[in-house]
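Work through the exercises below with the sequence and the structure at hand, and try each task before reading its solution.

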Amino acid sequence: TLAAAPQLLSLRFESGQPVLRFTGGAGQLYAIQRSTNLTDWETIANPALAYPEAGVVEWIDTYAAEYQQFYRVIALTP
């Protein structure tokens with residue numbers, strides 16, 4: 001079976017760090033990827049996820065570069 005695709009809810013900045021909010025749950029595994037050019041994607045190893053409310057997942061990019069970046073989230077199946 002395929003996991004439901006996460007939907008991006010918001011992207012905001014806290015203390016200069018990007019914070020992604022997307023739909024999901026605590027039992028689901030996710031791959032978060034970032035890119036500077038939409039061609040080459042880097043997968044974030046072991047992202048520290050938070051669950052601020054039911055059905056919402058949050059991730060802070062503590063290693064964000066100082067230039068433009070793009071993000072995508074992929075739900076993983078076990």
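**Exercise 1: the hairpin of E5 and E6**

In this predicted model, the hairpin of E5 and E6 has two residues between the strands, and Gly55 takes a positive phi near 80° there. Determine how many bridges join E5 to strand E6, and which residue of E6 is the bridge partner of Glu53.

Solution. Begin with the pairing as a whole: E5 and strand E6, the latter covering residues 56-60, run antiparallel and are joined by three bridges. Next, follow Glu53 across to E6, where Val56 is its bridge partner. Finally, look at Leu49, which stands opposite Trp59 in E6.

**Exercise 2: the sheet that contains the hairpin**

Establish in what order the four strands of the open sheet are arranged, and which of them are the edge strands.

Solution. The four strands follow one another as E1-E2-E6-E5, and their pairing is antiparallel. The edge strands are strand E1, residues 8-14, and strand E5, residues 49-53, each of which pairs on one side only. From one strand to the next, the twist averages 25°.

**Exercise 3: the sheet of three strands**

Describe the order and pairing of the open sheet that three strands form, and then find the bridge partner of Gln33 in E4.

Solution. The order is E4-E3-E7, with antiparallel pairing. Strand E4 (42-44) and strand E7 (70-76) are the edge strands, since each is found to pair on one side only. The twist in this sheet averages 30° from one strand to the next. Turning to the individual pairing, strand E3, which covers residues 29-35, runs antiparallel to E4 and is joined to E4 by three bridges. Within E4, the bridge partner of Gln33 is Thr43.

**Exercise 4: a nonpolar patch on the surface**

Identify which residues form the nonpolar patch on the surface, and decide whether Ile74 is buried, partly exposed or exposed.

Solution. The patch is formed by Leu29, Ile74 and Leu76, which together have about 240 Å² of accessible area. To place Ile74, note that this residue lies in strand E7. Its relative accessible area is 34%, and the term buried applies under 20% while exposed applies over 50%; Ile74 is therefore partly exposed. As background to reading such strands, side chains in a regular strand alternate between the two faces of the sheet.

Technical notes. Residues numbered from 1 in each chain as written. Predicted model: local features only at pLDDT ≥ 70, side-chain atom pairs only at ≥ 80, totals over all residues. Heavy atoms only, no water. Pairing = 2+ DSSP bridges. Axes fitted to C-alpha atoms, helices over the stretch in contact; angles between N-to-C directions. Patch = residues over 30% accessible without salt bridge, like charges linked within 9 Å, V, L, I, M, F, W, Y side chains within 5 Å. Areas by Shrake-Rupley, 256 points an atom, 1.4 Å probe, with all protein chains shown as cover. Salt bridge = Lys/Arg side-chain N within 4 Å of Asp/Glu carboxyl O. Buried < 20%, exposed > 50% of the residue type's maximum accessible area, 1.4 Å probe, protein only.
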